[in-house]
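Please open the model in your viewer, with the cartoon drawn and residue selection at hand. The stops below take you from one selection to the next.

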Amino acid sequence: MRAGTDATHMSEEVVTGNTAAGVLCPYYGSGQQLKAKHEGASMLSGRKLETWALAQLPLHSNAKVLDAGCGWGRFTWPLIEQFGLISSNAICSDSSLGMLQTAADEAARRTHQSSFVTADIQALPFPARHFDGVMANHVLYHLSDIQAGVRELARVVKEDGWLLATTNSDDIRVPVLDFHYAALDKLGIDYVREASSPFSMENGKEILGHSFKKVVCIYFEDETLHGSADEFLAKYKTIGRYRNLVAQKDIDPGKKCQLPVLVRQQAEDEIRKQGELRSPVRMGAFVCREPLE
């Protein structure tokens, strides 16, 4: 089965797959907001999660690598540009055609000859033991059946290959979310606050261990620093919870307008008190080897 196509012809020839995630969630209908969020993330240490995570892998230029749930290509591009993977050996898949189009446009801009396919991680259109490496970064918590998705990822990895799966920690305070929910409360906007993540640094090793014999868990801890409320607000406006809320038609437009104002006020108050706004970062990676039958 043909895995995909040259980025410049993706829109005409891309293999069709399951319903795009963007149909269910406006934020993931395109990769532009996610790209802005990732490119705007600046760690106090100067590190990038992508390059840190990729450095944990046994990479070589001729490897055939699948980026499952690739988004706009956050991990694919440094894999090619900084770690030397031949671009035509990178296969990008996502269930959102809009995300995939953004990735294809990005590949064309960077002159990479990668391939693209719309596919659900829970039903990958690739033969068994096909890839030297597979990535599923900050995506597994979106799946309706995470264990089924992990089994599929394990199925397509070669016996001596690897899986990289990054995710967030639940064990951390996230100011941008605290301010978001506090603003919703003040405005009287109904919401359901998310429970613990179905795939986090705390529970991921057990989940992955059902499909891989060896699972190594590595934490990435840092901070982001915001010197102004406007800088913090710009970051807030790229997060999915905000973008999805403003896309809802059943919420008062006036309240939507007030939401970023209230978030900015909270950021300004904290900066006034502390002189800066620090946000702790606690994420990490699982590197999995020896897929089980």
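**A tour by selection**

Select strand β2, residues 90-94: five of its five residues are buried (under 20% relative accessible area with a 1.4 Å probe, protein chains only; over 50% is exposed and in between is partly exposed), so the strand is largely enclosed by the rest of the structure. Helices (H or I, at least four residues) and strands (E, at least two) are DSSP runs, numbered from the N terminus. This is a predicted model, in which local features need pLDDT of at least 70 and side-chain atom pairs count only at pLDDT 80 or more, while totals for chains, interfaces and linings use all residues. Residues are numbered from 1 along each chain as its sequence is written, and side-chain values use heavy atoms, with hydrogens and water left out.

Staying on β2, show the side chains: Ala90, Cys92 and Asp94 point one way, Ile91 and Ser93 the other way, and all are buried.

Next add strand β1, residues 65-68, which pairs with β2 in the parallel sense over four bridges (two strands pair if DSSP finds at least two bridges between them). Here Asp67 stands opposite Cys92, and Leu66 has Ile91 as its bridge partner.

Widen the selection to the open sheet of seven strands, whose order is β3-β2-β1-β4-β5-β7-β6 and whose pairing is mixed. At the edges stand β3 (115-118) and β6 (212-226), each with a single partner strand, so one side of each is left without a neighbour in the sheet. Neighbouring strands are turned by 20 degrees against each other on average, direction ignored.

Move on to helices α8 (residues 175-187) and α12 (residues 253-274), whose axes come within 9 Å and cross at roughly 130 degrees; such axes are lines fitted to C-alpha atoms, for helices over the stretch in contact, and angles run from 0 to 180 degrees between N-to-C directions. The two helices are therefore oblique to each other (angles under 35 degrees count as roughly parallel, over 145 as roughly antiparallel, 65 to 115 as roughly perpendicular and the rest as oblique).

Finally, select Arg129 in the loop between β3 and β4, where phi is near 55 degrees, a positive value in a residue other than glycine; Arg129 is partly exposed, with a relative accessible area of 22%. Then go to Glu290 in strand β7, which has a positive phi of about 60 degrees although it is not a glycine, and which counts as partly exposed at 28% relative accessibility. Most residues other than glycine have a negative phi.
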